[in-house]
Amino acid sequence: MLKFSNNLGDIVDHCISKTKKKGATDVEVALIKNTSETVSFRNKKLDESNRAENIGLSLAAYINKKKTIVSSSNLKNGNLEKLIDRCIDAAKITPDDEFNSLPDKELLFKSSKELDLLDNTHLENSKKIEYLKEAEEVAFRNPEIVNTNGSSFSESKTEVIIGNSKGFKNGYKTSNFTAYCEVVSKSNGNMERDYEYTSKRHFENLLKPVELGSNAAKFAIRKLKPQKINSGKFNVIFDKRISKNFLNYFSNAITGSSIYKGTSFLKDKLNKKIFSEKINITDRGDIERGNGSKYFDNEGVQIKNLSLVKNGVLNDYLIDTYYGKKLNLSSNGRSGGTTNLYFENGDQELKDLMNSNEKIFYITETIGHGTNIVTGDYSVGAAGIMIENGEFTYPVSEVTIAGNLSDMFKRVILANDLQFNYSINSPSMLIEDITVAGK
Amino acid sequence: MSKILKNSELDVSIANNIVSETLNNCDDGELYLEDSKSEAIVLDDNKIKSSSYNSNLGYGLRAITDDVVAYSHSSDLTKKSLNESSKNLKSTLSSSKGTYNSEIKKTNKKYYSEQDPIEAKNFKSKIEILNQVNEYLRKKDSSVKQVTATMLGEHKSIEIIRSGGEILTDERPLVRFNVSVMLEKNGRKETAVYGIGGRQNYDAYLKEANWKNVCDEALRIASVNLNSKPAPAGEMQVVLGPGWPAILIHEAVGHGLEGDFNRKKTSAFHNLVGQRVASEGVTIIDDGTLENRRGSLSIDDEGTPTEKTILIENGILKNFMQDRLNARLMNTRSTGNGRRESYKHVVMPRMRNTIMLNGNHTQEEMIKSVKKGIFAVSFGGGQVDITSGKFVFNCTEAYEIIDGKVGSPIKGATLIGDGPSALKEVLMVGDDMMLDPGIGTCGKAGQGVPVGVGQPSLLINKMTVGGTQL
């Protein structure tokens, strides 16, 4: 049994009945309440504190096959009334769309195991500052670290309630603790920055400040005095921070909307091999304390565990109610996107990947948005470290890497170092023969 | 007179008292109130896919002592909530002993009208235009397989209540119209996006000739890309077209000249004022005063009137862009660049309309002078690493140049360069300065604000083009 605040539940009920009374045939309401406290710390002292209290309501009114959405942070009765009137008025003159509907009743959330998504720990700002102070002190023990872009610690609690006129109403609370540290290293005239970041549902699972600070420092220092390399074809290893981005492109390409509209390089690839047979991709919402875990999706639909890619073959799309109806598929609870999405471990050590060729470009950072989901064309700025004979040698920057994702996916080789640090996670990744543009 | 408080449960004199008491002994701060409305109507896949309307009301209370900022915001505009915020700020800044500077200069100049674009045009006629756009594009070219057209309208009222009771206000309209098309021909697909917008009513941008022009432009770019070949890889000369390609300037030098990064000495430009950072003939300004432009503001989000700020004059770095906090700490004045996305966000120095002024070369001259390079006409987004100075931007329409002639179109590729040196590589500045069509949104530290850019054609001696062809 999930828990949510009665007073918020009452607002949801009130909105549903009021909207129906004014002529809607169906109504869906989502209410999200969030409180958060963030402190930033820089050069041994507090830089900024930020306390936030937000509430947001989103209401969709259906008049048969017509639909409009209103949303607001102003939940005063007078304003709600105005919004509902406006929503109904707009819905009346919106053209029909035969695929507009609430989720099928049998797909709505029924039950789940306890996911342990709420940690009620409250840290006074002084405690947050202590954490950041320690992280920064550790980073500054390295003489190359000369400055900081600031560290921050944020604690937030969120409550979400979803209700609809088919009688569904449920909600739950989650918490999130995040710490970030970004430092600047310097050598001669060259300055570089890098960061470490940790984000968890429960405070006790965060990285310790020592690790946060020393990792940030280590990353910033290893980028110093970079070289620009000559253009050429390279075998490339993507650090875990970067390899997970490929899952983002993958998930964008298999959402119902891009599949239905044909705006995806993975259209018509269902049941076809898009990776090598060693590759498996899973999306599951029920990982205990998982950063991407949810009890139900944005429409209240139960979240299925999906084996999206099995032995290299694309098995499933990400489907919500609307595109499910269009594609003649059932929603699998992905209104709002993926949950905990990850590549399963490969069968090689990172070290073996590093030794797989005399010269490998290890990428720690990409910059820019050069990914075209329609064609699969990929071109981004990159920086990293050159590996020669299995050893890190010198940093590289101001280069680009480019290729086509359909082709790159087929050549993905994964290490066995998967960790669940974010809501999207990947082991380190090797792709051979990538075009690097430099000098 | 506070219009926002008049319609709330919070009495203006109570608010004034809380503000003055909270900011006692602080160096700066204010109560920022926001009442905003926005709508989005999307046509997609032959249908009105969604229509949504959002109204937001909230406040942000900010207190600053020396270089420490305490901020608290809420969507609950009541005495109780504001008192809690005040308490939170005071406990954060327990040892404050600053001097509040209440002075904010005023110009009373307005660069746009107060109209509300959402109410000025009825819903039905907006839907009608979107449907016409869809029909027009599909009729015009049978290879059009998808059309997405979006209308975004916004009206934002802001009030800044300073300690002592002074209230500064601004009413900001903003609209944007976007068309995205996907073409499919001989098994190949390409998309392109084009849009227009600014701080006026929809009708200023959506006369039949206007929206048809947007459609034609999106269709033209997508058609060019259907015939594109793989882009080259490596360093070469680059000719940039006028207008929107000025996101090069926004990324390469704009962000690096924002006051906060320079006060903190984390920008690659922090110690370069008075020095040459660009070729002779390169002058770059940041201008908040252009009428009805997307990046223009009558006053910034701290109440400072905006202005035309010279950043680089004839190649020499002159000024940074400042908000009040960074200006005070750097012993200079705010340039009216203090901006925030909404009441949920703290103020930072941000760009407005960032523009490179005309030189005296022609685009033809530039192309003629290039042996091997690319001609980049249209762009997607860009990004920069302030500290190392490395920046990228993505071409969405580009051609190869061989022996002084424009050749085949090439696929979208990322261009990468180094901010502090890129503008020293400028060989020619064109005489054809153009502003972008009014579509830019700049992201910084998780906040998005509307901005503009502009430039004439440019010839850059050396940039790395991130294609696949070695």
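In this predicted model, the C-alpha centres of domain 1 and domain 2 of chain B are 26 Å apart. The domain assignment places residues 117-158 and 170-226 of chain B in domain 1, and residues 233-466 of chain B in domain 2.

Contact between these parts of chain B involves 14 residues of domain 1 and 15 residues of domain 2. On the domain 1 side, the elements listed below each give two or more residues to the surface that touches domain 2 of chain B.

| Element of chain B | Residues |
|---|---|
| Strand E5 | 167-185 |
| Strand E6 | 188-198 |
| Helix H6 | 208-226 |

The most is given by E6(B), with five residues. By character, the residues on this side of domain 1 of chain B comprise six nonpolar, five polar and three charged.

The nonpolar cores form a second topic. The largest nonpolar core has 184 residues, and within this core A:Ile237 and B:Ile374 touch the most other members. Strand E15 of chain B (residues 390-402) supplies the largest share of this core, namely seven residues.

The surroundings of A:Ile237 can be described residue by residue. With its neighbours within four places in sequence left aside, A:Ile237 is in contact with A:Leu353, A:Met354, A:Ile360, A:Tyr362 and A:Ile363, and also with A:Ser428, A:Met429 and A:Leu430. Separate from the largest core is a second core of 36 residues, among them A:Leu75, A:Leu108, A:Ile161 and A:Val301.

Notes:
Residues are numbered from 1 along each chain as its sequence is written. Chains are lettered from A and ligands numbered from 1 in the order in which they are written. This is a predicted model: local features need pLDDT of at least 70, side-chain atom pairs count only at pLDDT 80 or more; totals for chains, interfaces and linings use all residues. A nonpolar core is a set of buried Ala, Val, Leu, Ile, Met, Phe, Trp, Tyr and Cys residues joined through C-beta atoms within 7 Å. A residue is buried if 20 or more other C-beta atoms lie within 10 Å of its own, exposed if 12 or fewer, and partly exposed in between; C-beta atoms are placed from the backbone. Helices (H or I, at least four residues) and strands (E, at least two) are DSSP runs, numbered from the N terminus. Two residues are in contact if their C-beta atoms, placed from the backbone, lie within 7 Å. Domain bounds come from an automatic or database domain assignment. Ala, Val, Leu, Ile, Met, Phe, Trp, Tyr, Cys and Pro count as nonpolar, Asp, Glu, Lys and Arg as charged, and the others, Gly among them, as polar.
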